[in-house]
Every structure is written in structure tokens, then in C-alpha cells.
Amino acid sequence: SDVYKRQVDSEVNFSMPLSGPDPQPDVEVLVNFDNASARSDDWGIALSQINGLLQVTPSALKARSIDARFFDDAVKIDVDTLRPSGNTLVTARGKVETGRLLNKLPTQFTSNMHGKSDWQVGINIAGLTASKDKPFLRLEAESELEHTRVDLPHPFAKSAADITRVSANVDFFPEQIWFKSRVGNEILGRGQLVPAPDDGFRLNLLDLAFSTDLKAETRQGLNLYGSLEQVSVDDWVRFIKSSGGANNKLLQSVELDFDRIYLLGRELSDVRVKVNQDKQGFLGEVESSFVNGDFVAPWQPTAKNPLLIDPVSYTHLRAHET
């Protein structure tokens with residue numbers, strides 16, 4: 001990370017015992033931050049107006065309630081050394097703009113988050129003795145999202161008055177980033193970011209499990225499974241179009257059960273959908289109270305290359321669509 005110091009004062013205390021069975025020197029450094037600032041674009045962190053005292057000894061770091069601003073929002077920061085690992089834990093808490101805290105997510109998601117909520121974020125920095133198979137940094141965040149409004153289609157929609165507990169763990173490795181998340185009691189997520197040609201990171205896999213546990217195995221791309229009470233395909237189509245489209249090739253598989261689906265202005269009940277990616281698009285199966293059968297969905301449907309469902313069900317669907 002890059003650190004920009006406006007003013008940092010330090011005091012060094014050194015004592016050497018002159019007698020005793022094993023005289024050892026004792027060194028303490030007190031670092032006083034006076035409107036200092038720090039920034040890490042890779043982690044999506046920008047701190048300014050850092051004020052407070054950090055105690056440094058040969059075996060530990062310690063600070064309590066350092067004042068700072070995360071972008072424009074006030075936060076309090078604690079620093080501790082964990083035993084026996086020797087890791088450094090930096091904990092920040094405060095009421096911050098949710099969209100800015102999650103600024104590493106795609107903008108079509110964060111631009112639909114409005115409001116400030118109480119957040120607690122812990123950054124666990126590995127000690128020098130950490131093994132290479134462990135993350136060099138772990139970020140843990142949690143909030144109840146009170147006062148944050150999420151303008152996304154169901155099941156991610158949320159009013160500012162609602163309370164939805166969310167948590168996320170992000171593990172940073174030299175060549176990859178792994179994360180897990182929980183939204184309420186029904187949505188679990190797991191994903192991996194890998195280096196991209198532009199020196200940033202790209203999403204390599206994302207599993208979303210609805211009302212079920214995450215599967216043990218992982219596969220590349222976007223994989224959705226579990227069950228949902230309802231979803232509006234029409235709302236999601238409008239959202240994707242308004243946000244500039246989506247990378248259809250990222251979607252790898254769908255295995256979902258719905259009590260209700262809203263499609264083309266019609267309600268379908270007791271719906272089961274299975275989809276897998278093919279070289280030209282998607283192959284799937286659908287079972288519902290209205291339409292049943294197999295379908296083929298190209299990545300970019302056109303008049304010459306349309307979505308195809310089995311002949312009987314497709315005819316019924318077209319009749320109701322008009």
C-alpha cells in the first residue's frame with residue numbers, strides 16, 4: 001500500500017538493565033499520527049485525517065481508537081498483535097457509505113446502493129512466520145445494512161428501513177483472491193479473482209447458493225443453485241439492459257427451484273430450471289405449471305437465432321406472450 005504522511009511524530013524509549021540473570025534491552029516506539037493519510041488502490045482503501053497514538057514494541061503493535069476518515073466518513077481504528085501467530089489485526093468501525101466500502105465490486109452493483117450503515121471491518125495481516133499456503137491478508141466485514149437502500153431486483157432488493165445482516169471474508173494471495181459472503185440467512189456466496197491482462201483482477205468463479213449450503217466442489221464461471229420463493233425475470237432483464245448488459249459467457253450453470261416466476265407479464269408456479277453452458281449458448285430444462293421441456297438459448301438471441309423451447313410448450317408461450 002502507499003502511505004502519504006502529512007505529520008508523524010515519534011518518541012523512542014530505550015531501557016537497558018544493568019544487572020539480573022538475563023538482562024535484555026526494552027525498546028518502545030510511540031508513533032503519533034497528526035493528520036496523516038494512507039491509500040491502497042488494490043484493497044480499495046483510502047484513509048485521511050489519521051490522528052492518534054500507535055505503540056510499537058519488539059513483539060507487538062497496539063493502538064486504541066485512532067481517528068480517521070474513510071473517504072468522507074469518520075471511523076475509529078484499533079491495532080493489535082495476535083498471539084501466537086504474530087499477525088497484526090487492524091479493526092475499523094464507523095458509519096460509512098456502503099457503496100464506497102464495497103468499491104471493488106462491479107459498478108453496476110455499487111451504483112445501486114444508497115445510504116450509510118454501521119460497518120465493522122477487520123484486516124488481518126500475516127506475520128513473518130506465516131506459511132505460503134496462508135493468505136498474506138484477510139479482510140472481514142459485517143453490517144446490518146440499516147439505512148442502506150439496495151435498488152436491485154429480488155432477492156437482492158432492500159429498503160433503507162430493513163435490517164439485513166451481511167458478512168464477507170476476503171483472502172488475498174499473491175496470485176489470487178478468494179472471498180465468501182452471506183446475505184441474511186438465505187444467500188451464500190463464494191468467488192475467486194485472478195490476475196487480468198490489465199494488471200488488475202477479473203472474476204474467475206462465483207457460486208451463489210440460495211437457501212442451501214455451498215457445494216464442496218467449485219467450477220469456473222457463475223453458478224446458481226438452491227431454491228427461491230420468487231423472482232421476476234422481467235425485472236432482471238430490464239436491470240441488465242439499463243446497466244449496460246452483462247457478460248453472458250460468465251454464466252456456467254443454473255439449478256434452481258422457484259415457488260413463482262414472473263416472465264413476460266405472466267406468473268409461473270412450481271418452477272424448476274436447470275441450465276448448463278454450451279459452445280453456442282445454453283442448454284436447459286424447465287418444469288412448471290405452464291411450460292415444460294428442453295430449451296436452447298443462444299448467448300445473443302436474434303430473429304435468426306432465437307430462444308427455442310420444445311414445440312408444444314413454445315407455441316403456448318408465444319400465444320400468451322402476444
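This briefing covers the overall make-up of one protein chain, its strand pairing, three buried residues and one pocket. The model is a predicted one. The chain holds four helices and 21 strands. Of its 322 residues, 34% count as buried. Among contacts with a separation of 6 or more, 38% are between residues 24 or more positions apart.

**Strands 6, 7 and 9**

- Strand 6 (residues 73-81) runs antiparallel to strand 7 (residues 88-97), and six bridges join the two.
- Within this pair, Asp78 has Thr91 of strand 7 as its bridge partner.
- Strands 6 and 7 form a hairpin with six residues between the strands, and Gly86 in this hairpin takes a positive phi near 80°.
- Strand 7 is also joined to strand 9 by ten bridges, again in the antiparallel sense.
- In that pairing, Glu97 stands opposite Lys116 of strand 9.

**Strand 10 and its two partners**

- Strand 9 (residues 116-125) pairs with strand 10 in the antiparallel sense over seven bridges.
- Gln120 is the residue opposite Glu142 of strand 10.
- Strand 10 also pairs with strand 12 (residues 166-173), over seven antiparallel bridges.
- Here Ala141 has Ala168 of strand 12 as its bridge partner.
- In a regular strand, side chains alternate between the two faces of the sheet.
- Strand 10 has a covered face made up of Leu137, Leu139, Ala141 and Ser143.
- The uncovered face of strand 10 consists of Arg138, Glu140 and Glu142.
- Ala141, on the covered face, is thus the residue bridged to Ala168, while Glu142, on the uncovered face, stands opposite Gln120.

**Thr148, in a loop**

- Thr148 sits in the loop between strand 10 (137-143) and strand 11 (149-150).
- Thr148 counts as buried because its relative accessibility is 0%, against a cut-off of under 20%.
- The side chain of Thr148 makes a polar contact of 2.8 Å with the side chain of Thr98.
- A second side-chain polar contact, of 2.6 Å, links Thr148 to Ser117.
- Beyond its neighbours within four places in sequence, Thr148 touches Thr98, His114, Gly115, Lys116, Ser117, Lys158, Ser159 and Ala160.
- Lys116, one of these contacts, is the residue that Glu97 stands opposite in strand 9.

**Gln192, in strand 14**

- Gln192 belongs to strand 14 (residues 187-195).
- The relative accessible area of Gln192 is 9%, so this residue is buried.
- Its side chain has a polar contact of 2.6 Å with the side chain of Gln176.
- The side chains of Gln192 and Asn204 are joined by a polar contact of 2.7 Å.
- Leaving aside neighbours within four places in sequence, the contacts of Gln192 are Gln176, Ile177, Trp178, Phe179, Arg202, Leu203, Asn204 and Leu205.

**Leu206, in strand 15**

- Leu206 lies in strand 15.
- Leu206 is buried because its relative accessible area is 18%, and the cut-off is under 20%.
- Outside its neighbours within four places in sequence, Leu206 is in contact with Phe179, Arg190, Gly191, Gly221, Leu222 and Asn223.
- Leu206 and Leu250 are 44 residues apart in sequence, with their C-alpha atoms 9.1 Å apart in space.

**Strands 15, 16 and 17**

- Strand 15 (residues 201-210) runs parallel to strand 16, with six bridges between them.
- Leu205 stands opposite Gly221 of strand 16, and Gly221 is also one of the contacts of Leu206.
- Strand 16 (residues 221-232) is mostly covered, with nine of its twelve residues buried.
- Strand 16 is joined to strand 17 (residues 251-263) by ten bridges, and these two strands run parallel.
- Gln230 has Arg260 of strand 17 as its bridge partner.

**The second largest pocket**

- The second largest pocket has a volume of about 190 Å³.
- Its lining comprises 14 residues, and those closest to the centre are Lys215, Arg219, Asn223, Ser253 and Glu255.
- Strand 16, strand 17 and strand 18 (266-277) are the elements that each give two or more residues to this lining.
- By class, the lining has six charged, four polar and four nonpolar residues.
- Asn223, one of the residues closest to the pocket centre, is also in contact with Leu206.

Key
Residues are numbered from 1 along each chain as its sequence is written. This is a predicted model: local features need pLDDT of at least 70, side-chain atom pairs count only at pLDDT 80 or more; totals for chains, interfaces and linings use all residues. Side-chain values use heavy atoms; hydrogens and water are left out. Buried means under 20% relative accessible area, exposed over 50%, partly exposed in between (1.4 Å probe, protein chains only). A polar contact is a pair of N or O atoms within 3.5 Å; within protein, one must be able to donate a hydrogen and the other to accept it, and residues adjacent in sequence count only if both atoms are side-chain atoms. Contact means heavy atoms within 4.5 Å. Two strands pair if DSSP finds at least two bridges between them. On a 1 Å grid over the protein atoms alone, a cavity is a set of points where a 1.4 Å probe fits but cannot get out, and a pocket is an open set with protein on both sides within 12 Å along at least five of seven lines; lining residues have an atom within 4 Å of a point. Grid points are joined across faces, edges and corners, and a volume is the space filled by probe spheres set on the points. Ala, Val, Leu, Ile, Met, Phe, Trp, Tyr, Cys and Pro count as nonpolar, Asp, Glu, Lys and Arg as charged, and the others, Gly among them, as polar.
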